[in-house]
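Q: I'm new to this structure and would like a close look at one part of it. Please choose a sheet, take me through its strands, and show me what packs around them.

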Amino acid sequence: MAEEVKTPTPPPPEGEKKPTAEKPAPASVEPAKPAVPAKPAAPAAKPAAPAKPAGPVPLPWTSPMVEKYRSQYGSGLEPLTYLGQNYLNVDRSLIPDILRLLRDEEQFDYCVDITAVHYPKREKQFDVVWILYSFPRNERVRVKTQITDGASIPSSIAIWPTANWLEREVYDMFGIKFDGHPDLKRILLPDGWKGYPLRKDYGILQQDKEWVQINLGIESGQ
Amino acid sequence: MSDRKHDSTSDVSVHSLANLDLEAHERPYLDSNELIINMGPQHPATHGVLRVILKLDGEKVLGTECVIGYLHRGVEKIAENRTYAMFNPYVDRMDYCAAVSNGLGYCEAVEKLLNVEAPPRAQYIRVILTELNRIASHQLWLGTHALDIGAMTPLFYTFRDREEILKIFERYCGARLTTHAFRIGGCQYETYAGFEKDVKNFLTFFAPKIDEYEALLTTNRIWLERTRNVGVISGPDCIALGVTGPVLRASGVKWDVRKAQPYANYSKFDFEIPVGTNGDTYDRYLVRIAEMRQSMRIIEQAVNGIPEGPIMGKVPKVIKPPVGEIYHSIEAPKGELGYFIVSDGSTQPYRVRVRPPSFVNLQALDLMVRGALVADVVAVIGTIDIVLGEVDR
């Protein structure tokens with residue numbers, strides 16, 4: 001404990017000033033995606049905005065790249081932007097084409113992550129999400145698709161080898177199968193485990209009791 | 001010794017050996033089958049509970065398979081059952097060597113979702129602590145990695161110096177390892193009296209210590225033999241496998257999230273991205289050593305420019321982000337650490353996905369050790385710098 005005593009209590013007017021002074025800061029984060037002019041299209045298609053004061057809503061995303069694919073694939077592709085982040089809602093049938101095109105023609109050479117989200121009340125229960133990044137463009141994009149429970153999705157290992165473990169984890173946690181994956185088995189949970197823990201109907205205390213009893217020799221892991 | 005005793009009668013055994021037709025028996029005596037052995041999960045060089053199944057031809061590695069998940073705690077499931085603020089301490093337990101970085105990534109991701117920004121003073125405190133943590137993480141890496149390869153001294157040096165960083169953490173927030181230093185919207189704690197002095201003292205203390213590490217290793221003949229051209233991976237291979245962090249940079253790809261897509265207030269600081277050329281274990285060592293120096297530059301600028309002001313932004317008492325999703329990533333000491341958070345408008349996140357750098361980087365192990373020797377596997381596991389807490393989550 002040295003003697004140098006600082007006065008940490010900020011004077012209130014400073015505190016008032018700060019938020020306004022801070023506003024440019026998010027803009028300094030934004031240039032990360034310079035290639036995409038996200039805002040101009042705001043007044044265009046989606047009229048859902050006026051009724052919702054609660055928070056920002058996804059807006060249509062326009063860019064030369066997106067326009068090109070829209071004209072090619074039509075309604076199977078819905079480009080949106082939310083909080084400055086761009087994503088594509090893509091129909092399940094277009095997934096292999098779109099992923100391949102994004103890598104080969106749009107230089108999204110780095111697959112950051114593959115994951116899924118479970119919506120049990122929807123007819124198509126799962127969102128599968130690819131988070132992509134392009135080194136040459138310094139730009140991120142997410143690709144999302146919806147699939148039903150039990151449906152499979154083509155593996156993207158041939159496009160990005162890193163997809164191997166990422167897809168295995170999605171399979172492990174959600175039970176989504178990836179066609180063409182050379183080694184689709186559980187990665188974090190033991191091989192014989194039953195159930196997919198990140199599904200919403202899997203309780204947080206739930207476990208595969210049978211597996212625990214046989215393999216650990218205890219009544220319960222809880 | 002006992003052999004010598006029998007020397008007098010050795011002519012018998014020599015004769016019996018001479019009578020053997022060694023050529024004829026060579027094949028049945030030497031098993032040329034591939035050998036499959038387990039390394040781990042209880043192995044000191046795996047830095048935790050990692051099991052690697054090695055397929056060997058003699059001493060040569062033909063292929064590997066990693067078996068992970070021994071430390072799986074279901075962090076992502078836990079997140080769905082906690083409020084945003086309650087989940088914050090859990091992220092420290094993923095990469096427990098760099099808990100501050102984990103916290104920074106999570107807090108910033110939720111802040112983005114809430115559309116709030118931490119005040120400048122909080123940002124400076126965050127940068128100072130995060131960069132201190134980067135140095136601590138690299139120190140721990142260097143000590144254990146060198147120990148794996150057979151250099152014992154660096155371990156004592158790095159742990160001695162890392163202690164100084166942990167002391168600053170302890171005085172700042174009461175914890176040394178799992179610090180929970182930041183809150184959504186800023187920092188909970190104001191810096192203690194003498195914080196800036198402590199940090200500056202550390203910088204002057206630590207500058208010659210890096211030279212000491214380098215004196216021990218950089219031109220050390222044994223170190224060079226064990227690390228040069230070991231575990232080579234090319235830049236394009238790194239990108240294809242999603243490898244990030246110092247491993248990617250050592251392969252010549254100049255990419256760092258702090259520069260490419262600046263977060264916090266890194267754009268205000270002047271620093272460089274060290275890169276290697278060969279993509280081998282030695283280059284990765286040099287890159288991390290250089291990164292420690294760059295971190296010191298950042299800390300020096302931050303501690304000299306730290307402004308007065310509030311340390312918490314305007315965050316509601318009950319954190320309820322609007323419906324939506326966000327991906328935010330930071331440059332953790334091990335690579336790109338990302339959080340993908342989906343909000344359904346309630347107080348608990350609907351889904352939190354952690355993009356762990358250790359997990360993705362570990363996937364490159366197979367490529368890096370194919371054709372190498374068993375002893376190199378130990379060196380390569382060390383050089384990737386994994387923390388099993390983060391691999392398994």
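A: Here is a walk through one sheet, its setting and a second sheet for company. A word on the model first: it is predicted, so local features need pLDDT of at least 70, side-chain atom pairs need 80 or more, and totals for chains, interfaces and linings use all residues. Residues count from 1 along each chain as its sequence is written, while chains are lettered from A and ligands numbered from 1 in written order.

Let's begin with chain A as a whole, which holds 6 helices and 8 strands (DSSP runs numbered from the N terminus: H or I over at least four residues for a helix, E over at least two for a strand). Following the sequence of chain A, you meet them as α-α-β-α-β-β-α-β-β-β-β-α-β-α. Take the contacts in chain A (C-beta atoms, placed from the backbone, within 7 Å) between residues at least 6 apart in sequence: 44% of them join residues at least 24 apart.

Now for the sheet itself. In chain A, 6 strands form an open sheet with mixed pairing, in the order β1-β2-β3-β6-β5-β4 (strands pair when DSSP finds at least two bridges between them). The edges of this sheet belong to β1 (59–60) and β4 (110–118) of chain A; each has a single partner strand, so one side of each has no neighbour in the sheet.

Move inward and you can follow one pairing in detail. Strand β5 of chain A covers residues 126–134, strand β6 of chain A covers residues 139–147, and the two run antiparallel with 9 bridges between them. To find your place there, look for L132(A), which has V141(A) of β6(A) standing opposite.

Two helices of chain A come into the picture here. Helix α4 (residues 95–104) packs on the sheet, where α4 touches β3 (85–90), β5 and β6 of chain A, and its direction makes about 170° with that of β6(A) (angles run from 0 to 180 degrees between N-to-C directions, with axes fitted as lines to C-alpha atoms, for helices over the stretch in contact). Helix α5 (residues 163–174) of chain A lies across β4 and β5 of chain A and runs at about 5° to β4(A).

For a sense of scale, try K68(A), a residue of helix α3 (residues 64–73) in chain A. From the C-alpha of K68(A) to that of P190(A) is 45 Å in space, and the two are 122 residues apart in sequence.

With that picture in mind, turn to a sheet in chain B. This open sheet has 3 strands in the order β6-β7-β8, and its pairing is antiparallel. Here β6 (324–332) and β8 (351–355) of chain B stand at the edges, each with a single partner strand, so one side of each is left free of a neighbour in the sheet. Ignoring direction, neighbouring strands of this sheet are turned by 15° against each other on average.

Strand β7 (residues 335–343) of chain B pairs with β8(B) over 5 bridges, in the antiparallel sense. A handy landmark is V342(B), which stands opposite R351(B) in β8(B). This sheet has a helix to visit too: α6 (residues 99–114) of chain B lies across β6 and β7 of chain B, at about 150° to β6(B).
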